[in-house]
Amino acid sequence: MGALDEGRFHAVLANGVKLECPLQPQGIEGQPETLAIQDAVKVLLQGLGEDINREGIKKTPFRVAKALREGTKGYKQKVKDIVEGALFPEAGLDAAVGHAGGVGGLVVVRDLDLFSYCESCLLPFQFKCHVGYIPSGQRVVGLSKLSRVADVFAKRLQDPQRLANEVCSALHHWIKPTGVAVVLQCRHICFPSLESFLVDSNRQGWSKVLVRSGSGVFEDDRGDHWGDFLSLLKFRGINTDNTEDSIASWCPSQSCSSLKLSSINGQLNSGMVTAVDSIIRSLGEDPLREELVGTPIRFVKWLMNFQNTSLEMKLNGFVYGRGVDSLKANGELVVNHKPERLLIEVNLSFWSQCEHHLLPFYGVVHIGYFGFNPIPKALLQSIVHFYGFKLQVQERLTRQIAETVSSLVGGDVIIVIEAGHTCMISRGIEKFGSSTATIAVLGRFSADPGARAKFLQSLPNSSTAFAAS
């Protein structure tokens, strides 16, 4: 997740004046759009109460700018450049009865894993794209071009239905087939606000929507050609039944009405809102486009969940020490006579924001410790909340939770965090379904392999955080 090394060189102007400039043999560093996004990100970080010169965060503005520009490079790409030169002659039936396969018959490319940025909240969403077309004019297109054309429109600020329509329209225009069919299965993570998470710590999941678009013979969405196309998807276990969420509720941020946005705007840092507006403009979009007008406010509202001073950890007088057979909670002493044992709490949900890319990551925390009585789950969850709702890295989050729980139980603690990182799908890496696990061990767990093994063997085979993946 590190940024590029910051090499430097001296440029000599015509008058002999030397200017120290960033070394940029290639790439986007130093370009006006990149610099504008970097300046805007610095405003956002300062609005969160962060020190923009802190080690680990001082390169964040460039990393964010690079990720956003790579993730929206479709604005500078043309379908014509991709398709021209990729059309090949192929004899076969054309405008005749029957199917010959290839020309005259349906061609389908399934399961293209792609991502885009949601125009309503600027968070990335992922989708599977399925494309079918019926060639005409005795020519076919190189199959890889279907994916590349879809990616051109995915690499823009998007809405699922418009994305499907644009892919369909572009393919029909440049390939000139008998018809084009596009089906998108989109998933948007339902990131909660801090307030909603404190009310329901188990709130998680995905907003899902299935959209489709057709041209030519596929304009009749109940026609035989659609039946053939959908059958070829279902044949490989692809569920095309439209039982997902409605497109109107696709993005969680869309639940905010314009009235609510107006009231929110008065409470937010106007400089941060302006900074997001600048980012949208630098990506090649018009921030005054109807669908984007409320986006800066929605994004800032989400980001403010991770304000540096937004949450206090309250242990409510909880004291729990090893070597004693008593528990003190809220000032009350409870005597117990149970032997010390390995106690485990699994699947504590967390949400956080990667400080390297300002992109969310989420998952579950598993905690093991030796003690007499279990620590209340609500207390452990509050500790996880406290460290999660900050700009973070997973390694630090694991350590901080371990150290805090250790202070309560006397030292013997093991923590495992399993997380999914949206930066893994939106920084050019595009790794879908991957997860990251980190572990921290203190006290007895650091010296006793048997204790570690016993805890690790007790973890669930599948975590609730990834049940919807």
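Among contacts in the chain between residues at least 6 apart in sequence, 73% join residues at least 24 apart. The structure described here is a predicted model, and its chain holds 15 helices and 16 strands. Of the 469 residues, 49% count as buried, while the chain exposes about 21,700 Å², of which carbon and sulfur atoms supply 51%.

Strand β8, which spans residues 179-189, has ten of its eleven residues buried, so this strand is largely enclosed by the rest of the structure. Strands of a sheet pair through backbone hydrogen bonds, either parallel or antiparallel. In the case of β8, pairing in the antiparallel sense is found with strand β5 (residues 124-134) over nine bridges, and within that arrangement V183 of β8 is the bridge partner of H130. Strand β8 also pairs in the antiparallel sense with strand β9 (residues 206-216), here over eleven bridges, and G179 stands opposite G216 in β9.

An open sheet is formed by five strands in the order β14-β12-β13-β15-β16, with mixed pairing. The edges of this sheet are occupied by β14 (391-392) and β16 (436-442), each of which has a single partner strand, so one side of each is left without a neighbour in the sheet. Further inside the stated order, β13 and strand β15 (residues 413-421) pair in the antiparallel sense over nine bridges, and F361 stands opposite H421 in β15.

The residue F361 also takes part in the aromatic contacts of the model, for which a search of the whole structure finds twelve pairs. The ring centres of F350 and F361 are 5.7 Å apart and the ring planes stand at 70°, so this pair is edge-to-face. Because F350 belongs to strand β12 (residues 341-354) and F361 to strand β13 (residues 360-371), the pair ties together parts that are eleven residues apart in sequence. Both F350 and F361 are buried. A further edge-to-face pair is formed by F386 and Y387, with 4.8 Å from centre to centre and 80° between the planes, and F386 and Y387 are likewise both buried. The face of F386 is also approached by a charged side chain, since K390 lies over it at 3.8 Å from the ring centre. In another such arrangement, R212 lies over the face of W226, at 4.4 Å from the ring centre. Elsewhere, F125, F127 and W250 form one aromatic cluster.

Turning to charged pairs, the count of salt bridges comes to 14. One of them joins R54 and E355, whose closest N and O atoms are 2.9 Å apart. This pair links distant parts of the chain, with R54 in the loop between α1 (32-47) and α2 (60-71) and E355 in the loop between β12 and β13, 301 residues apart. The two partners are described by contrasting accessibility classes: R54 is partly exposed, with a relative accessible area of 25%, whereas E355 counts as buried at 1% relative accessibility, because buried means under 20%. The side chain of E355 also meets that of R396 in a salt bridge, at 3.0 Å from N to O. This second pair again links distant parts of the chain, as E355 lies in the loop between β12 and β13 and R396 lies in helix α12 (residues 394-409), 41 residues apart. R396 is partly exposed, with a relative accessible area of 21%.

Helix α12 also contains both E403 and R399, which lie four residues apart, about one turn of the helix. These two residues form a salt bridge in which the closest N and O atoms are 3.4 Å apart. Both are partly exposed, E403 with a relative accessible area of 42% and R399 at 40%. In addition, a network of salt bridges links E119, R162, E166, E285, R289 and E291.

Finally, R444 is placed in helix α14 (residues 444-447) and is partly exposed, with a relative accessible area of 28%. R444 and G411 are 33 residues apart in sequence, and their C-alpha atoms are 7.7 Å apart in space.

Key:
Residues are numbered from 1 along each chain as its sequence is written. Side-chain values use heavy atoms; hydrogens and water are left out. Rings of Phe, Tyr and Trp (its six-membered ring) pair if their centres lie within 6.5 Å; planes under 30 degrees apart count as stacked, over 60 as edge-to-face and the rest as tilted. Helices (H or I, at least four residues) and strands (E, at least two) are DSSP runs, numbered from the N terminus. Buried means under 20% relative accessible area, exposed over 50%, partly exposed in between (1.4 Å probe, protein chains only). A charge sits over a ring if NZ of Lys or CZ of Arg is within 6 Å of the ring centre and within 35 degrees of the ring normal. Two strands pair if DSSP finds at least two bridges between them. Contact means heavy atoms within 4.5 Å. Accessible areas come from the Shrake-Rupley method with a 1.4 Å probe; for residues, only the protein chains shown count as cover. A salt bridge is a side-chain nitrogen of Lys or Arg within 4 Å of a carboxyl oxygen of Asp or Glu.
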